[in-house]
Amino acid sequence: MWSLRLEGAAQLAAKLGQIERELPAALGRGLYQGGEKITTSAKRDSPFDIGTLRGSHHTVPPVVSGSGATVVVGAGGPAAPYAGPLHEGHRLVAWGHDTGRFVAGRKWFEGAALAEWPGVPELVAGEVRRVLR
């Protein structure tokens, strides 16, 4: 017959509880770091005329709820009326008249997200590792 005696069960339970409480914030920190990388890359690649659009790129700090976290990256603000058409493409209008031509979008934000996203899991993992120590 086998028997098992676990010593330190209370400490183990306390540590597991601490990890459970800290993990969502760690996820948020890692996602925020990834969001900042995406935003920095998008700023660098955004169309530049007077700087309104470039200056509108932002990463919203994490919102932690339950067992997860959410981070939002975006652009717009005062540049919102033209940010979407520049990114997605638009019809060319000259002197108030539609020319019938389509101008392809620049996709600078999408390109930044696709380029930077592969590194985000490692940023999140680094924050999780700090909680698990």
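1. Let me start with one residue: Ser-56 is buried, with a relative accessible area of 10%. That value counts as buried because the cut-off is under 20%. Please keep in mind that this is a predicted model.

2. Where does Ser-56 lie? Look in the loop between helix H2 (52-55) and strand E1 (58-65). Leaving aside residues up to four places away in sequence, Ser-56 touches Gly-74, Ala-75, Gly-76, Gly-77 and Ala-79.

3. Now for the whole chain. The protein has five helices and four strands. Reading from the N terminus, their order is α-α-β-β-α-β-β-α-α.

4. The overall dimensions deserve a look on your screen. The radius of gyration is 23 Å, whereas a compact globule of 133 residues would have one near 14 Å. Along the principal axes, the C-alpha atoms fill a box of roughly 90 × 30 × 20 Å. Of the 133 residues, 25% are buried, and Ser-56 is one of the buried residues.

5. A word on contacts along the sequence. Taking contacts between residues at least 6 apart in sequence, 56% join residues at least 24 apart.

6. Next, helix packing, beginning with H1 and helix H5 (residues 120-132). Their axes are 8 Å apart and the angle is about 150°, which makes H1 roughly antiparallel to H5. The label follows because angles over 145 degrees count as roughly antiparallel. H1 passes H5 in a right-handed crossing.

7. Which residues bring H1 and H5 together? On the H1 side they include Ile-19, Leu-23, Leu-27 and Leu-31; on the H5 side, Val-120, Leu-123, Val-124 and Val-128 are among them. By class, this contact has 11 nonpolar, three polar and six charged residues.

8. H1 (residues 9-45) also meets helix H4 (residues 108-116). Here the axes come within 8 Å and cross at roughly 140°, so H1 is oblique to H4. The crossing of H1 past H4 is right-handed.

9. The residues in this second contact are Lys-37, Ile-38, Ser-41, Ala-42 and Asp-45 from H1, meeting Trp-108, Phe-109, Ala-112, Ala-113 and Glu-116 from H4. They divide into six nonpolar, one polar and three charged. If you are following along in the viewer, Lys-37 is worth finding: this H1 residue is listed in the contact with H4 and also in the contact with H5.

Technical notes: Residues numbered from 1 in each chain as written. Predicted model: local features only at pLDDT ≥ 70, side-chain atom pairs only at ≥ 80, totals over all residues. Heavy atoms only, no water. Helix = DSSP H or I, 4+ residues; strand = E, 2+ residues; numbered from the N terminus. Buried < 20%, exposed > 50% of the residue type's maximum accessible area, 1.4 Å probe, protein only. Contact = heavy atoms within 4.5 Å. Axes fitted to C-alpha atoms, helices over the stretch in contact; angles between N-to-C directions. Parallel < 35°, antiparallel > 145°, perpendicular 65-115°, else oblique. Left-handed = near helix turned anticlockwise from the far one by under 90°. Nonpolar A, V, L, I, M, F, W, Y, C, P; charged D, E, K, R; others polar. Rg over C-alpha atoms; globule rule 2.2 N^0.38 Å.
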